[in-house]
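Colleague: I am new to this structure and would love some company while I find my way around. Could you take one part of the chain, look at it closely, and then show me how it sits in the rest?

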Amino acid sequence: MGGTEHLTVQREGATLVLTLNRPEAKNALSLPMLVGLYDGWVEADRDDAVRSVVLTGAGGAFCAGMDLKALAGRQMEGQRHRDRLAADPDLHWKAMLRHHRPRKPVIAAVEGHCVAGGTEILQGTDIRVAGESATFGLFEVRRGLFPIGGSTVRLQRQIPRTHALEMLLTGRPYSAREAAGIGLIGHVVPDGTALEKALSIAGRINACGPLAVEAVKASVYETAGMSEADGLAAELKRGWPIFDTADAQEGARAFAERRPAVFRRE
């Protein structure tokens with residue numbers, strides 16, 4: 001498994017856990033963190049034993065966005081990773097899930113600050129859990145900046161436009177309860193238990209047919225901008241082949257025999 005000084009990687013069964021690990025800076029984005037994130041997404045895509053990914057943060061915070069002190073000084077930690085960025089100038093956008101969508105479901109486990117770039121990365125995840133004291137928001141306009149991580153496009157597709165515009169244009173903070181109320185997150189749990197809840201959800205996903213799970217996720221995103229007729233056609237094209245897989249046959253046998261299914265991704 002990979003990882004860098006600001007991004008740790010570990011396995012919890014069939015779940016890959018990526019932890020933003022710069023707690024002294026509320027996990028503000030750094031070059032080592034971005035490189036580690038990108039490598040984590042690639043690892044999850046390539047390893048068939050990985051069936052889900054949980055993204056979380058260390059030290060009671062998720063991510064406070066870009067390191068503005070480093071940005072003001074035109075320098076970021078981890079200069080030894082510069083060759084990676086030079087080789088792939090799009091790496092940071094892939095890391096932040098702006099230009100990359102993992103094949104496996106991604107569950108965010110949020111504690112504490114999840115603001116600016118943190119809220120932008122959040123929009124690239126599939127399922128979202130937050131501790132009750134978590135804070136969300138897109139603060140960029142308050143600092144004369146633009147939320148260029150995808151929020152002016154994605155946010156209005158994920159929550160009602162009136163809420164998206166208020167969040168984007170005021171730059172104010174949102175509590176976890178308020179974020180859940182507008183649909184930005186799905187679960188609010190007691191502080192300190194977001195990761196536990198996310199792993200529980202991941203476990204349920206991992207018990208399902210992996211080919212079916214990946215096809216369902218792909219279909220949801222693929223059809224989001226289509227007309228109903230085009231979307232239904234695309235769904236049939238992607239979904240019908242799943243019925244011919246060994247996984248589908250195992251699922252049917254397990255149901256008939258009233259036992260848990262054992263899927264081998266075939």
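Modeller: What follows starts with a strand residue and the loop after it, and then widens to other places and the chain as a whole. Please keep in mind from the start that this is a predicted model.

Let us begin with Leu 20, which is part of strand β2. Is Leu 20 buried or exposed? The cut-off for calling a residue buried is a relative accessible area under 20%. Leu 20 has a relative accessible area of 0%, so Leu 20 is buried. Which residues are in contact with Leu 20, once its neighbours within four places in sequence are left aside? The list starts with His 6 and Leu 7, and then comes Asn 27. It goes on with Met 33 and Leu 37, followed by Leu 55, Thr 56, Gly 57 and Ala 58, and it ends with Phe 62 and Cys 63. For a sense of distance in another direction, you can pick out Pro 147, which is 127 residues from Leu 20 in sequence. From C-alpha to C-alpha, Leu 20 and Pro 147 are 20 Å apart in space.

One name in that contact list leads us onward, since Asn 27 is among the residues that Leu 20 meets. Asn 27 belongs to the loop between β2 and α1. Its relative accessibility is 0%, so Asn 27 counts as buried. The backbone deserves a look here too: phi of Asn 27 is near 60°, which is a positive value in a residue other than glycine. Now turn to Lys 26, whose place is in the loop between β2 (15-20) and α1 (31-46). Phi of Lys 26 is near 50°, again positive in a residue other than glycine. What about the cover around Lys 26? With 41% relative accessibility, Lys 26 counts as partly exposed, whereas Asn 27 is buried.

From here we can visit the end of a helix. Asn 206 sits in helix α9, which covers residues 194-206. Asn 206 has a relative accessible area of 13%, so by the cut-off of under 20% this residue is buried. Apart from neighbours within four places in sequence, Asn 206 is in contact with Ala 14, Thr 15, Arg 51 and Ser 52. Look at Thr 15 in particular, because strand β2 spans residues 15-20. Ser 52 is 154 residues away from Asn 206 along the chain, yet their C-alpha atoms are separated by 6.7 Å.

Another strand gives a similar kind of view. Val 189 is in strand β9, made up of residues 187-189. Val 189 is buried, with 12% relative accessible area. Not counting residues up to four places away in sequence, Val 189 touches Val 129, Ala 130, Gly 131 and Glu 132, as well as Ala 194 and Lys 197. Of these, Ala 130 is 59 residues from Val 189 in sequence, and the two C-alpha atoms are 6.2 Å apart.

Next comes a loop residue, Arg 98, between α4 (91-95) and β4 (106-110). Its relative accessible area is 32%, and Arg 98 is therefore partly exposed. Beyond residues up to four places away in sequence, Arg 98 touches Trp 93, Ile 148, Gly 149, Gly 150 and Arg 154. Ile 148 lies 50 residues from Arg 98 along the chain, with 9.3 Å between their C-alpha atoms.

There is also an aromatic pair to find, and the count comes to one. The rings of Trp 240 and Phe 243 have centres 5.4 Å apart and planes at 40°, so the pair is tilted. Both of these residues are exposed.

Finally, step back to the whole chain. It has 12 helices and nine strands, and its C-alpha trace spans about 60 × 40 × 40 Å along the principal axes. A compact globule of 266 residues would have a radius of gyration near 18 Å, and the 19 Å of this chain agrees with that. Buried residues make up 48% of the 266. Among contacts between residues at least 6 apart in sequence, 67% join residues at least 24 apart. On the outside, the chain exposes about 13100 Å², with carbon and sulfur atoms supplying 55% of it. The chain has 33 positive and 32 negative charges, and their mean positions are 2 Å apart.

Key. Residues are numbered from 1 along each chain as its sequence is written. This is a predicted model: local features need pLDDT of at least 70, side-chain atom pairs count only at pLDDT 80 or more; totals for chains, interfaces and linings use all residues. Side-chain values use heavy atoms; hydrogens and water are left out. Helices (H or I, at least four residues) and strands (E, at least two) are DSSP runs, numbered from the N terminus. The radius of gyration is taken over C-alpha atoms; the globule rule is 2.2 Å times the number of residues to the power 0.38. Buried means under 20% relative accessible area, exposed over 50%, partly exposed in between (1.4 Å probe, protein chains only). Contact means heavy atoms within 4.5 Å. Accessible areas come from the Shrake-Rupley method with a 1.4 Å probe; for residues, only the protein chains shown count as cover. Lys and Arg count as positive and Asp and Glu as negative; His and the chain ends are not counted. The place of a charge is taken as NZ of Lys, CZ of Arg, CG of Asp or CD of Glu. Rings of Phe, Tyr and Trp (its six-membered ring) pair if their centres lie within 6.5 Å; planes under 30 degrees apart count as stacked, over 60 as edge-to-face and the rest as tilted.
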